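Open the model in your viewer, with the sequence panel beside it. The tour below goes stop by stop: what to select, and what is there.

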Amino acid sequence: MRLEPDVDDASVTALQAPSPLRREDLHASVSDPVLDTMNFLNEITLRHPEAISFAPGRPYDGFFDTEQLFGYLRRYLDHLAETGHTPAEVRSALFQYGPTAGRIREVIAESLRQDEGIDVPPESIVVTVGCQEAMFLAVRALIASPQDVLLVSSPCYVGITGAARVLGVGLSAVEEGESGFDCAVLEAVVAAERAAGRRPRALYVIPDHSNPLGTTMPLETRTELLDLAARLDLLILEDSPYRLVSPGPQLPSLKALDRRRSVVQLGSFSKTLFPGARVGYAIADQVVADGSGATGLLADELTRIKSMVTVNTSPLSQAVVAGMLLAGGGRATDHNVRTSAYYGETMAATLRELEAAFPPDRRAALGIRWNRPDGGFFLSLTVPFPADNAALARSVRDHGVIWTPMSYFHPDGGGTRALRLSTSYLTHEEIVEGIARLARFVEAEAATNGADDTARA
């Protein structure tokens, strides 16, 4: 008979209860405020479901039709059969993991040719889990040492900032002015980084209706940037999710203008086709040579990293996205005729309501201003008080309206007296009421902060 030693209850509890992990022993990124920004917005939205939210950069729900998904899936399966795939291969295309680089690269390559005038071989494309994974793969592949630096046009999308923080990658901001991106500022930042012994490797930029400002880079700046990147031996990470969902003719993308393979385009079908599918891509047609002189594509290197991150992108999601493209004649454009018109109207409606709520005399008295994008999802409003999380909490609690602090988008600090408005997810009626609520909030904060007297002084 086995005898157990006498152990009192306190000792048992001590043995069973593990010591808590210490946050300081975890990676520094878990304590980075950037990683809390989206959680804060989500929490405040859930706590106040009655509020009107100008925060999410989400496509409008009104154009989604669940029944169409089955038709798109069937369209892709028919395409596989028409192109000589056996029933077993068709079944495998849906149920098995599939190639890491993606199953629908040929379909994406064709859509890029038709929609964007970008002619690249399918093997230069990696299909990713949304554009966010494409960012992670590109940054991880290109930033090789502690001396390497990722440049970001600032203010910038928090996803790229968060990716850099999680990966432990150094960031350097290229600040945009009132007139947008300035190549002279980029050149000065590169010179300063090199003088400090660091190596700028790539620049992340959203040239079309940027997030968060909504600005669009002029054609002459695009060509100047490409020339400068070649001269500085700098790659450009181009992220342009809002092009095809904006009304009117679009300027050529940086990748369409790229003749030196200086641009890695990070793309997504979330805004144009199907956000829930989480299908993105990277065009990485840069040649990579090893020590023996053998060459391949940067896409091959991204695929190697992806194999250890997500293994592959959902074949079912890829199938639906490919079916949508095929149903549109190989293009995403046809699917966005109504949506681009709608987003143009919501942007115009938001600007009209701001004008009505803040006539010129009142704007001058308050000291507020906003930009006027002609497309995309976002615009920026400058206010005469700190637009921080505390102000946002008051805005939601007292006035029932949600926005995003612009400080979230400045990796080196800044944007403390500005906020981002997203116009994409709302109806026109919600925009009218939401701007009225926002105006009441701005007036209340300005009065509390003495902005009226300051502006008149």
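Start with the largest nonpolar core, a set of 41 residues in which F358, W370, W403, L421, L438 and V442 have the most contacts. A nonpolar core here is a set of buried Ala, Val, Leu, Ile, Met, Phe, Trp, Tyr and Cys residues joined through side-chain atoms within 4.5 Å; buried means under 20% relative accessible area, exposed over 50%, and partly exposed in between, with a 1.4 Å probe and protein chains only. This is a predicted model, in which local features need pLDDT of at least 70 and side-chain atom pairs count only at pLDDT 80 or more, while totals for chains, interfaces and linings use all residues. Residues are numbered from 1 along each chain as its sequence is written, and side-chain values use heavy atoms, with hydrogens and water left out.

Colour the elements that each supply at least two residues of this core: α2 (37-47), α13 (337-357), β12 (378-382), α15 (389-399), β13 (401-402), β15 (418-422) and α16 (428-449). Helices (H or I, at least four residues) and strands (E, at least two) are DSSP runs, numbered from the N terminus. Helix α16 gives the largest share of the core, seven residues. Now select L438: not counting residues up to four places away in sequence, L438 touches L381, V401, W403 and L421, where contact means heavy atoms within 4.5 Å. A second, separate core has 32 residues, including Y72, A93, Y281 and A319.

Next, show the open sheet of four strands, β11-β12-β15-β14 in that order, with antiparallel pairing. Two strands pair if DSSP finds at least two bridges between them. Its edge strands, β11 (369-370) and β14 (404-405), each pair on one side only. Two bridges join β14 to β15, and P405 has L419 in β15 as its bridge partner.

Move to the open sheet of seven strands, ordered β2-β8-β7-β6-β5-β3-β4 with mixed pairing. The edges are β2 (125-129) and β4 (170-175), each paired on one side only. From one strand to the next the twist averages 25°; axes are lines fitted to C-alpha atoms, for helices over the stretch in contact, and angles run from 0 to 180 degrees between N-to-C directions.

Two helices pack on this sheet. Helix α5 (residues 105-116) touches β2, β7 (263-268) and β8 (279-283), and its direction makes about 105° with that of β2. Helix α6 (residues 130-142) touches β2, β3, β5 (199-205), β6 (235-239), β7 and β8, at about 120° to β2.

At one edge, β2 pairs with β8 in the antiparallel sense over five bridges, with V126 opposite A282. Four of the five residues of β2 are buried. Towards the other edge, six bridges join β3 (residues 148-154) to β4 in parallel, and S154 stands opposite E175.

Select T272, in the loop between β7 and β8. Is this residue T272 buried or exposed? T272 counts as buried because its relative accessibility is 9%. Leaving aside neighbours within four places in sequence, its contacts are P241, L244, V245, H335 and N336.

Finish with α2, which gives seven residues to the lining of the largest pocket, the most of any element.
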